[in-house]
Every structure is written in C-alpha cells, then in structure tokens.
Amino acid sequence: MILILDFGSQYTQLIARRIREEKVYCEVQPGDSFINKYKNIKGIILSGSYDSVYLNNAIMPDTKIWNLGIPILGICYGMQLIARQFNGKVVPSKHREFGLAIVDILDKENELFLGLNNKETLWMSHGDKLVKIPDNFSIIAKSKNSPYAAITNIKKLLYGVQFHPEVKHSVNGKLIINNFIFKICKAKRDWTMKSYITEEIKKIKKIVNSKKVLCALSGGVDSSVAAIIMYKAIKNQLICVYVDHGLQRLGETDRIKNIFGNIFKENLIIVNAKKLFLHKLKGITDPEQKRKIIGRTFIDVFNAEAKKIENIEFLLQGTIYPDIIESMHLKGSSSPIKSHHNVGGLPKDICFKLIEPIKFLFKDEIRAIGKELNIPLEILNRHPFPGPGLAIRVLGEVTEEKLNILKEADNIVTEEIRKAKLYEKVWQAFAIILPIKTVGIMGDVRTYEYVIVIRVVNSEDAMTANWVKLSHELLEKMSSRITNEVKGVNRVVYDISNKPPSTIEWE
Ligand code: XMP
C-alpha cells in the first residue's frame, strides 16, 4: 500500500482518491502515527497542512520514516517537513501563493516528472516557502514565486513538491502522482472491488466467528452494501432492523421488504414506529430540535428492539472513508476538526463491538462493490436522503396530513425526473411542503391550500450546489400533475437558489 500521512490539508482525501482511481491501495493515517504499525508500505506521501513546520507545536511524522529506505513524496507542508529534516530552511512567504502557477520543469528525466512538458500549470496553496535547499538535494522545478518548487534526493528516494498534484486544476498532476506510485514506488494495480470483497469476507468470518451481528438498515447505499457484504460472510447470524419512522419516501417500506426481505428472510425485522415519531414531533417547529428528537427516538426504538434479540455481540455500521478521514483527530494541528454522526455520535448505552466493513471505501467504490454484489441499481444510484427524512422537508410542524401530501408530490417529482432521463444526471431532486396556504381556484370554487416547492440541484460533493435549469415543459408537467393529483395543493414553485448562500435542504 501507499501510506498517506495526513497533516490536516483540505486536499488529503484527494490524494487518496487519485491513488485509488489507479487501483492501488492506499490508507490515510494521522501524520504523527507510529510507522511500525503499518505493513507492506511501498511508498509514503506526506500531505499538506494548515500548520507551519517551524512552529513549536507543528505535527511531525515519526522520525523512523526517514530511515526506512521507502520512497517519500512530500506535498507542500510535506516538502517543508523534508526540508526541515535535512537542514533546509522554510520561512513565511511575503505573498501567500494561492491558485494556478506556471511551473518550469527543470529535470524532465527525473522519474517523478516523466512525460511532463517544460512548463506545467499546477495548483499552489501555501503561505510558507523554502528558501534554503536541504543538504544533498537538487532543484527539479521552479516557479516565479517558488524558486524551489520541487526538490529531490534521488539516492534517498526523497521527493518534495510545493504545488498540489492531487488537485484537479493541476493539469498534469495525475501524471506526477502516477509516476511516484508506479515508477518510483513500483506499486501494483491490484486493488479491485472483487479482491476487497473476498478479503473483507475472510476478515469478518474470523472476527465474528459464531456470534451475531445487528444492523440498522436504512435502505441507503452505505448500509445496504455493508449489510450484503456481512450477509455473504455470516448468513443468518446477521439480523437487520429497519425502523419505519414514517418519514421515508413513498413506498419505501415496501421497497425494503421486497428487496431485502427476499435476502434476509425472517432476519429482517421491520419496526413500525410511525405513531411514536409523529407523537414526539408534535408541536415541534425548530429544525435542530426535530433532528435531535428523531435521532434520539431512533436510538430508543433501535435499542428496545436490540434488547429482544439474544447473543448480539456486534453492531454493523455503514461508516465510509470520508467520515473517517474527516473526523481524524490531529493533535497540534490548527485544522478544523469535524466529527461525523456515524463516527462520533454512537449511542452510548449500546455496548456492542463495532464492525465497519466499508470504512476504507469511497462512495464510488461502495457503488462498484454494490454492483459486484448484484444490489439493485434502484438502491445503488439513489439520490442522497437526509437522516431525519421528510421531517426536514415538511417545514414547520410535522403532521400526518402534510407528510402524506409531501410523499405524493415528491413521488411525482421523482417520476418525472426519471421519465426525462435526468435522475442519474442530477445530484438531488425532491419536493418540500411549506407551512402556509395560499388562495387558488379549482372549477368555480375558491381553494385555500398548501404550496409545494420543487428543488433540483447539481453538485459534486454537496458542499456547493447549483439549481438545475429544467425545461419549462418539464416544470409545467410536474406542476400540473402535482396540483391535479395531490389533494391539498393548489400552488407549486421552483427553487432557484444556489448553495451558498442557500442550503440544499430547506431546514
Ligand atoms: P445541505 O442542506 O446542508 O445538505 O446543503 C447537504 C447534503 O446533506 C444532506 N443532509 C443531511 N443528511 N442528515 C443527513 O444524513 C441530515 O441531517 C442532513 N441534512 C442535509 C442533504 O440531503 C444534502 O445531500
């Protein structure tokens, strides 16, 4: 594997993505991890950071890495760590360099730069810079603001680059990473989803043995794939609990029954908790309070169900790699630490051991595994759906009436988006019901009914999003179907706000 030591850069995940795309296994680990913990390392990449290497509390890698004889590529802060180790000098730069820079490649014969042009456009993002080259290193690239844009000590297999080859804007950045992992580290392309499934099943069998595993199945991509891998490994020692809180999309519980009931048979337990959730949400209008109540009630229902089943030893979690990377704790780092609900928010009174079969996978890898495991595309290609479900799309108080109206309207939006062959082209398409009524006219009768909002957005990662310019014909079709077919709605509007400043969800 290629070991990526993370010093807190916002781009660390991208390094892992670029390497995995080449079917090479890599892991992201905290920058100051003990190196002896890891086996079969073919190469090490030191990530960037928010920190400066000359600060007292800057995170440092295990000093053993310098004597392993394994190739090391330092990116930005990573290069500065190399410089510091070998007697170079890093100082705060007068001008913070951020954005695209033209870099002169001085040594095109260097294995790191094979196939590059004399001048390359690469992404820079740094406040510090190298002003004295470390002992026995040579300069292999420079730019206007960075006279030492890349350095190497070939004998020691050490490489440092000031720019970020992992960022898509770096035009030939991928080639530089590939040169490092294949030409310098001699890594093999042996990371396939098939091999992952086989290995994971072996591991699970060994860990679980004859014990039972409990899974909270939501019907989302992650929990579905995790559950099917687990099922392949331990068959009916797996027990899945699906909490029907009534806040799912139309027909969801039947879908779950059809797809998973066939596989898990009597080991799929469906808990009807619709009334309880509605009762707990009665009178609640604040979005954060709704989220908290739903989270807590979910855990209560799940716990009560778990207590009825004997000999459960493990809890299956569909934690995925970005959750792990984002909540990795770095001491001494000034990077913002985000804790994720899957990782940080486990119910404290559940005393199972955790088992997380997809925690080293990115979303696209999970989908690829799902395909290998013959999970229906209906599940694998689904749009993201928030944990609190439709409760945060029923604005204001959640009532059964508004929920039912929303489910119908939302279903029409999805049907029309699918018919227009847009479902897989957009990030999310859904409906929202507003807590107000407006006046309308139907036949000769004045109506006073709810307003439905249609929201369709495109996004890469949900951090930013743009509203989709749907055709007027499609919008009209949705609007007239909703007002004609859904009782209680006399007006439909389309949300034309981007994120930021809006969010994708309305609450
Ligand atoms: P926002 O509304 O913040 O949403 O732009 C970004 C993405 O996250 C989803 N989302 C949630 N997912 N629990 C979740 O599991 C939540 O409370 C939640 N809120 C928003 C949203 O659907 C979008 O894909």
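Student: What makes the approach of Lys499 to the ligand a polar contact?

Tutor: A polar side-chain atom of Lys499 lies 2.7 Å from an oxygen atom of the ligand. The cut-off is 3.5 Å between N or O atoms. The value of 2.7 Å falls within 3.5 Å, so this pair is a polar contact. Keep in mind that this is a predicted model.

Student: Which polar side-chain atom lies 2.9 Å from an oxygen atom of the ligand?

Tutor: One that belongs to Gln428. Gly387 takes part through a polar backbone atom, 3.0 Å from a ligand oxygen. As for cover, the ligand taken alone exposes 490 Å², and the protein buries 73% of that.

Student: What surrounds the ligand?

Tutor: The surrounding residues include Arg291, Pro384, Pro386, Pro388, Trp427, Ala462 and Glu505. Gly387, Gln428 and Lys499 are also among them.

Student: Gly387 again. What is in contact with His245, leaving aside its neighbours within four places in sequence?

Tutor: Ala273, Lys274, Phe277 and Gly387. His245 itself is in the loop between β11 (238-244) and α6 (252-264).

Student: Why is His245 called buried?

Tutor: Its relative accessible area is 10%. Buried means under 20%. His245 meets that limit, so the label holds. A polar atom of the His245 side chain also lies 3.1 Å from the backbone nitrogen of Leu247.

Student: Now the aromatics. How many aromatic pairs are there?

Tutor: The count comes to 13.

Student: Why is the pair of Tyr231 and Phe264 called edge-to-face?

Tutor: The ring centres are 5.5 Å apart, and the planes stand at 65 degrees. Pairing needs centres within 6.5 Å, and edge-to-face needs planes over 60 degrees apart. Both conditions are met, so the pair is edge-to-face. Tyr231 sits in helix α5 (residues 221-234) and Phe264 in helix α6, 33 residues apart.

Student: Tyr231 and Phe264: what are their burial classes, and why?

Tutor: Tyr231 has 22% relative accessibility. Partly exposed covers values between the 20% and 50% limits, so Tyr231 counts as partly exposed. Phe264 has a relative accessible area of 4%. That is under 20%, so Phe264 is buried.

Student: What makes Tyr321 and Phe362 an edge-to-face pair?

Tutor: Their centres are 5.5 Å apart and their planes are at 70 degrees. The angle is over 60, so the pair is edge-to-face. Tyr321 lies in helix α9 (residues 321-326), and Phe362 in the loop between β14 (353-355) and α11 (363-372), so the pair ties together parts 41 residues apart in sequence. Tyr321 and Phe362 are both buried.

Student: What lies over the face of Phe362?

Tutor: Arg17, at 4.5 Å from the ring centre. The distance limit for a charge over a ring is 6 Å. Arg393 has a similar role in the list: its charged end sits over the ring of Phe430, 3.7 Å from the centre.

Student: Which residues do ring pairs link into a cluster?

Tutor: Tyr25, Trp191 and Tyr196.

Student: Last, the whole chain. What share of the residues in the protein chain is buried?

Tutor: Buried residues make up 55% of the 507. The secondary structure comes to 14 helices and 18 strands. Among contacts with a separation of 6 or more, 74% join residues 24 or more positions apart.

Terms used. Residues are numbered from 1 along each chain as its sequence is written. This is a predicted model: local features need pLDDT of at least 70, side-chain atom pairs count only at pLDDT 80 or more; totals for chains, interfaces and linings use all residues. Side-chain values use heavy atoms; hydrogens and water are left out. Helices (H or I, at least four residues) and strands (E, at least two) are DSSP runs, numbered from the N terminus. Buried means under 20% relative accessible area, exposed over 50%, partly exposed in between (1.4 Å probe, protein chains only). A polar contact is a pair of N or O atoms within 3.5 Å; within protein, one must be able to donate a hydrogen and the other to accept it, and residues adjacent in sequence count only if both atoms are side-chain atoms. Contact means heavy atoms within 4.5 Å. Rings of Phe, Tyr and Trp (its six-membered ring) pair if their centres lie within 6.5 Å; planes under 30 degrees apart count as stacked, over 60 as edge-to-face and the rest as tilted. A charge sits over a ring if NZ of Lys or CZ of Arg is within 6 Å of the ring centre and within 35 degrees of the ring normal. A residue is near a molecule or strand if one of its heavy atoms lies within 4 Å of it. Accessible areas come from the Shrake-Rupley method with a 1.4 Å probe; for residues, only the protein chains shown count as cover.
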